[in-house]
Amino acid sequence: MTTPVCTSASRAAVFPSFSSYVRARGPVLLRTARSLTANPSDAEDLLQTALTKTFVAWERIEDHRALDGYVRRALLNTRTSQWRKRKVDEFACEEIPEPDPVPAPDPAEAQVLRDAMWRAVLRLPARQRAMVVLRYYEDLSEAQTAELLGVSVGTVKSAVSRALAKLREDPELAVAA
């Protein structure tokens, strides 16, 4: 005695009407639609559209045991069409909307700020100045700075923290900013 390979097809129900099919399989098909969209409302709309297409073709579908596959294909095709036809918010107008031009920063002002910063760094104690230069001008890590100076990472962290506090309180930098 041989057993059928595909047992789900032999157990598939034959639905006498479209409404009985939707009542029986609606929740399963809605889960499929939700897996295709991010929004539950969009999933319901997608399923409704696919079911409308299925209803139109109901009389032409010969094997009602394959309805789930038909509806899934309608879901996928509809979702693909929606994706391809996504709305683009562009429209023709008489004037091209241009943003107001942002004035370019004055290079002289930027140089004044850099000079003030460097003068403030030079006023730091030598050890703090070395750590700030290595950390922020040379872009070394705390561990690399500590190794280069022969101190612990904690020493680098605390010294740099104190140096940055002094730079924040520097009156020349407060005026330049």
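In this predicted model, Arg 79 touches Leu 36, Thr 37 and Leu 46, leaving out residues up to four places away in sequence. Arg 79 itself sits in helix α4. One of these neighbours is also met through a polar atom: the side chain of Arg 79 comes to 3.3 Å from the backbone oxygen of Leu 36. Ala 43 makes a handy reference point as well, being 36 residues from Arg 79 in sequence, with 9.5 Å between the two C-alpha atoms. Arg 79 has a relative accessible area of 29% and so counts as partly exposed, given that the partly exposed class runs between 20% and 50%.

Helix α4 (67–84) also takes part in the largest nonpolar core: together with α2 (18–36) and α3 (40–56), each helix supplies at least two of the core residues. This core holds 17 residues, and Tyr 21, Leu 47 and Leu 75 have the most contacts inside it. Leu 47, with neighbours within four places in sequence set aside, is in contact with Gly 26, Leu 29, Leu 30, Ala 33 and Leu 75. A second core, separate from this one, has eight residues, including Ala 116, Val 121, Val 132 and Leu 167. Nonpolar side chains tend to be buried together in soluble globular proteins.

Some nonpolar residues, though, are found at the surface. Met 117, Trp 118, Leu 122, Tyr 136 and Tyr 137 make a nonpolar patch of about 500 Å². Helices α5 (107–122) and α6 (126–137) each supply at least two of the patch residues, with the largest share, three residues, coming from α5. Leu 122 belongs to helix α5, and its relative accessibility of 43% makes it partly exposed.

Technical notes. Residues are numbered from 1 along each chain as its sequence is written. This is a predicted model: local features need pLDDT of at least 70, side-chain atom pairs count only at pLDDT 80 or more; totals for chains, interfaces and linings use all residues. Side-chain values use heavy atoms; hydrogens and water are left out. A nonpolar core is a set of buried Ala, Val, Leu, Ile, Met, Phe, Trp, Tyr and Cys residues joined through side-chain atoms within 4.5 Å. Buried means under 20% relative accessible area, exposed over 50%, partly exposed in between (1.4 Å probe, protein chains only). Helices (H or I, at least four residues) and strands (E, at least two) are DSSP runs, numbered from the N terminus. Contact means heavy atoms within 4.5 Å. Patches are made of residues with over 30% relative accessible area and no salt bridge: like charges are joined within 9 Å, nonpolar side chains (Val, Leu, Ile, Met, Phe, Trp, Tyr) within 5 Å. Accessible areas come from the Shrake-Rupley method with a 1.4 Å probe; for residues, only the protein chains shown count as cover. A salt bridge is a side-chain nitrogen of Lys or Arg within 4 Å of a carboxyl oxygen of Asp or Glu. A polar contact is a pair of N or O atoms within 3.5 Å; within protein, one must be able to donate a hydrogen and the other to accept it, and residues adjacent in sequence count only if both atoms are side-chain atoms.
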